[in-house]
Amino acid sequence: MIPEEKKETTEASQEHEQLEVTTDEGQEVSDGATGSSEEKAEDASKRLAAFLEEVAETKAKLEEAEKELQEWEHRYNRLQADFDNYKRRTVREKEELATYATEGLVKALLPVLDNFQRALQAINGDSASNVLSGIEMIYRQLLDQLVKEGVEPMVAIGQPFDPNYHEAAMYAPSTEEYQDGTVMDEFQKGYLLKGKVIRPAMVKVAQG
């Protein structure tokens, strides 16, 4: 039989050992919990860093896409402008073609007018009156037809010399009637086709 005093000492010793074991286990649990929290924090930090990196990459790709979009918009605007210019040029060329389609024919007929005009100037006297009337009628008919096509004879004599409308074939001293730079005479008539010069007038110009 164990004495009462020794029994109490033994029980106290056992309680102390149990307390130490409990304390050690609690410390181990606490250490384990701390380690787990640090790992979670580190993992969360890594995930956040990866997310931020992904956001940065996405932002960079978006900026690049916006630049490409702007470049395509500029290209589209240039193409649209070129196409609009092409349409305007095509319309203008068609209008000019329709306006001046008869230019070749008119140019070919101008020498005929010249010959009629010279013949009329050469014929004199009553004996040639019938011939003169016939030639004059043909000349007028031909000229009227050309006028309907948009041909307009130039009036050169007495006008200031203009290289856009006149071709100087000769120069002569100026007179009281024809001042310097004025057309004195016309050797070959000039013509316009719907406002465009198709042949300048060949003229004599006063000078000095």
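User: How do you know that strand 4 and strand 5 pair, and in which sense?

Analyst: This is a predicted model, and every value here is computed from it. Strand 4 (residues 191–193) and strand 5 (residues 196–199) share three bridges. Pairing takes at least two bridges. The two strands therefore count as paired, and the sense is antiparallel.

User: Which residues face each other across that pair?

Analyst: Leu193 has Lys196 of strand 5 as its bridge partner. Tyr191 stands opposite Arg199 in strand 5.

User: What marks Lys194 in the hairpin?

Analyst: Lys194 lies in the loop between strand 4 and strand 5. That hairpin has two residues between the strands. Phi of Lys194 is near 55°, a positive value in a residue other than glycine.

User: Why is Lys194 called partly exposed?

Analyst: Its relative accessible area is 46%. Buried means under 20%, and exposed means over 50%. Lys194 falls in between, so it is partly exposed.

User: What makes strand 1 and strand 5 edge strands?

Analyst: Strands 1, 4 and 5 form an open, antiparallel sheet in the order 1-4-5. Strand 1 and strand 5 each have a single partner strand, so one side of each is left without a neighbour in the sheet. Neighbouring strands are turned by 35° against each other on average, direction ignored.

User: Which helix lies across this sheet, and at what angle to strand 5?

Analyst: Helix 2 lies across strand 1, strand 4 and strand 5. Its angle to strand 5 is about 50°.

User: How do you know that the span of helix 3 agrees with its number of residues?

Analyst: Helix 3 covers residues 129–148, which is 20 residues. At 1.5 Å a residue, the span should be 28 Å. The end C-alpha atoms are 28 Å apart, so expected and computed spans agree.

User: Which residues of helix 3 are buried, and why are they said to line one face?

Analyst: The buried residues are Ile135, Tyr139, Leu142, Leu143 and Leu146. Seen down the helix axis, they fall within an arc of 100°, so they line one face of helix 3. The general rule is that an α-helix has 3.6 residues a turn, so residues three or four places apart point the same way.

User: What do the two sides of helix 3 show?

Analyst: The buried residues pack against helix 2 (103–122) and strand 1 (151–153). The face turned away from the buried side carries the exposed residues Asn130 and Lys148. Just after the helix, Gly150 takes a positive phi of about 100°.

User: Why does Leu143 count as buried?

Analyst: Leu143 is found in helix 3. Its relative accessibility is 10%. The cut-off for buried is under 20%, so Leu143 qualifies.

User: What does Leu143 touch?

Analyst: Leu143 touches Leu113 and Pro153, not counting residues up to four places away in sequence. Leu143 and Leu113 are 30 residues apart in sequence, and their C-alpha atoms are 7.4 Å apart in space.

User: What makes the other sheet, 2-6-3, mixed or otherwise in its pairing, and which strands are its edges?

Analyst: Three strands form this open sheet, and its pairing is mixed. Strand 2 and strand 3 (183–188) are the edge strands, because each pairs on one side only. The twist averages 30° from one strand to the next.

User: How do you know that strand 2 and strand 6 pair?

Analyst: Strand 2 and strand 6 (residues 201–207) have seven bridges in the parallel sense. At least two bridges are needed, so the strands count as paired. In strand 6, the bridge partner of Glu167 is Met202.

User: Why is His166 called buried?

Analyst: His166 is found in strand 2 (residues 166–173). Its relative accessible area is 8%. Buried means under 20%, so the label holds for His166. Residues that His166 touches include Phe161, Val183, Pro200 and Val203.

User: What are the totals for the protein?

Analyst: The protein has three helices and six strands. From the N terminus on, they run α-α-α-β-β-β-β-β-β. Buried residues make up 17% of its 208 residues. The accessible surface comes to about 16000 Å², with 53% belonging to carbon and sulfur atoms.

Key: Residues numbered from 1 in each chain as written. Predicted model: local features only at pLDDT ≥ 70, side-chain atom pairs only at ≥ 80, totals over all residues. Heavy atoms only, no water. Helix = DSSP H or I, 4+ residues; strand = E, 2+ residues; numbered from the N terminus. Expected span 1.5 Å × (residues − 1). Buried < 20%, exposed > 50% of the residue type's maximum accessible area, 1.4 Å probe, protein only. Arc of directions from axis to C-beta. Contact = heavy atoms within 4.5 Å. Axes fitted to C-alpha atoms, helices over the stretch in contact; angles between N-to-C directions. Areas by Shrake-Rupley, 256 points an atom, 1.4 Å probe, with all protein chains shown as cover.
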